[in-house]
Amino acid sequence: MNIRIFDHAEQVGQAAATIMAAQVLEKPAAVLGLATGSSPVPAYRQLIRMHQSGALDFSQVTSFNLDEYVGIPEDHPCSYHRFMQENLFGQVNIPSDNTHVPDGNGVNLEETARAYDEAIQAAGGIDLQLLGIGRNGHIGFNEPGDEFIWGCHVVTLTESTIDANKRFFASEADVPRKAISLGVGAIVAARKVLLIATGKDKAEAIRGAVQGDVSPRLPASILRTHPQVTFLLDRDAASLL
Ligand code: F6R
């Protein structure tokens, strides 16, 4: 596990964007695993700047997002479809057919989940998986539990996640209670993993992920079994290491 610590969140974003850009330059048809939430935003901003300056071409890139809420429309202001459109896809030249975000509105979500894993396999797997981390140590929406869930699945969000994500919604009652998430299987099968964490409220989860037992009680701890994982942290997120 490679751990790099920076003074500011903006530098964390720069470093993440540099690693993602290097992946796309090395393999223009790269398959990127993408995350939403606050953590990747500085990295996406930097990738957009690189694209606008002509340094980065997304025309052959394929992407798979980690997760989506169940039961809100794709154009809902808090949906992850909309987030990706506004924060990355709409501002770079990735073909929309190449972008994938789980469909949280399908009639058969188990089937949707199975097809999502198959689509990743068919694309040749993920070259570089970008992750944030929840305060409770979740990656994607793999919430703490008794066992790691390997495949893409429907998850009931924990109180901790609902509380953390209510800032994006009008009220806590509006936060969906369910989501569809990639399992830890597709994440650890990615050839490289990049986890971004900034802020004091991530420090406990980072300590558990880096120094605690590998346990489904702290899903990010599974990353310790991965041969090519990099944690990009600011000083606050690294403060308990
Ligand atoms: C988002 C995702 C989540 C977030 C995590 C941290 O697609 O999968 O695991 O990465 O909840 O969210 P932020 O960055 O908003 O603190």
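**Figure 1. Cys-152 sits in the loop between strand 6 and strand 7 (153-156).** This close-up, like the others here, comes from a predicted model. With a relative accessible area of 11%, Cys-152 falls under the 20% cut-off and therefore counts as buried. What does Cys-152 touch, once residues up to four places away in sequence are set aside? The list runs Ala-113, Tyr-116, Asp-117, Ile-180, Ser-181, Leu-182 and Gly-183. Take Ile-180 from that list: Ile-180 is 28 residues from Cys-152 along the chain, yet their C-alpha atoms are separated by 7.2 Å.

**Figure 2. Strand 8 (residues 178-181) pairs with strand 7 and with strand 4 (residues 67-69).** Strand 7 and strand 8 run antiparallel and are joined by four bridges. One pair to look for is Thr-156 with its bridge partner in strand 8, Lys-178. Strand 4 also runs antiparallel to strand 8, this time with three bridges. Here Asp-67 has Ser-181 as its bridge partner. Both residues turn up in other views: Ser-181 is among the residues touched by Cys-152, and Asp-67 is one of the closest residues to the ligand.

**Figure 3. The ligand is surrounded by 14 residues.** Which of them are closest to the ligand? They are Ser-39, Asp-67, His-138, Gly-140 and Lys-202. For Ser-39, a polar side-chain atom lies 2.5 Å from a ligand oxygen. His-138 also uses its side chain, with an N or O atom 2.7 Å from an oxygen atom of the ligand. Ser-38 comes in through its backbone instead: an N or O atom there is 2.8 Å from a ligand oxygen. Taken alone, the ligand exposes 410 Å², and the protein buries 94% of that.

**Figure 4. Seven strands form an open sheet with parallel pairing.** Reading across the sheet, the strand order is 1-10-9-6-2-3-5. Strand 1 (2-6) and strand 5 (99-100) are the edge strands, so named because each pairs on one side only. Strands of a sheet pair through backbone hydrogen bonds, either parallel or antiparallel. Zoom in on strand 2 (residues 31-34) and you find four bridges to strand 3 (residues 62-65). Two bridges join strand 2 to strand 6. Gly-33 is a handy landmark: its bridge partner in strand 3 is Phe-64, while in strand 6 it stands opposite Gln-129.

**Figure 5. Strand 6 (128-131) is covered on both faces.** Leu-128 and Leu-130 are buried on one side, and Gln-129 and Leu-131 are buried on the other. Four bridges tie strand 6 to strand 9 (192-197), and the two run parallel. Within that pairing, Leu-131 has Leu-195 as its bridge partner in strand 9. Helix packing comes into this view too: buried residues of helix 1 pack against strand 6 and strand 9, among other elements, and so do those of helix 2.

**Figure 6. Helix 1 (9-26) and helix 2 (residues 41-52) pack against each other.** How far apart are the end C-alpha atoms of helix 1? They are 26 Å apart, which agrees with the span expected for 18 residues at 1.5 Å a residue. Helix 2 passes the same kind of check: twelve residues should span 16 Å, and its end C-alpha atoms are 16 Å apart. The buried residues of helix 1 include Val-12, Ala-16, Met-20 and Val-24. An α-helix has 3.6 residues a turn, so residues three or four places apart point the same way. Beyond helix 2, the buried residues of helix 1 pack against elements including strand 1, strand 2 and strand 10.

Helix 2 is mostly covered, with nine of its twelve residues buried. Among them are Val-41, Tyr-44, Leu-47, Ile-48 and His-51. Besides helix 1, their packing partners include strand 2 and helix 3 (80-87). Just after helix 2, look for Gly-54, which takes a positive phi of about 90°.

**Figure 7. Ser-221 lies in the loop between helix 7 (203-211) and strand 10 (229-234).** Is Ser-221 buried or exposed? At 0% relative accessibility, Ser-221 counts as buried. Its side chain reaches the backbone nitrogen of Ser-215 at 2.8 Å. Leaving aside neighbours within four places in sequence, Ser-221 is in contact with Phe-148, Gly-208, Ala-209, Asp-213, Val-214 and Ser-215.

Conventions:
Residues numbered from 1 in each chain as written. Predicted model: local features only at pLDDT ≥ 70, side-chain atom pairs only at ≥ 80, totals over all residues. Heavy atoms only, no water. Buried < 20%, exposed > 50% of the residue type's maximum accessible area, 1.4 Å probe, protein only. Polar contact = N/O pair within 3.5 Å; in protein donor to acceptor, adjacent residues only side chain to side chain. Contact = heavy atoms within 4.5 Å. Expected span 1.5 Å × (residues − 1). Near = heavy atom within 4 Å. Areas by Shrake-Rupley, 256 points an atom, 1.4 Å probe, with all protein chains shown as cover.
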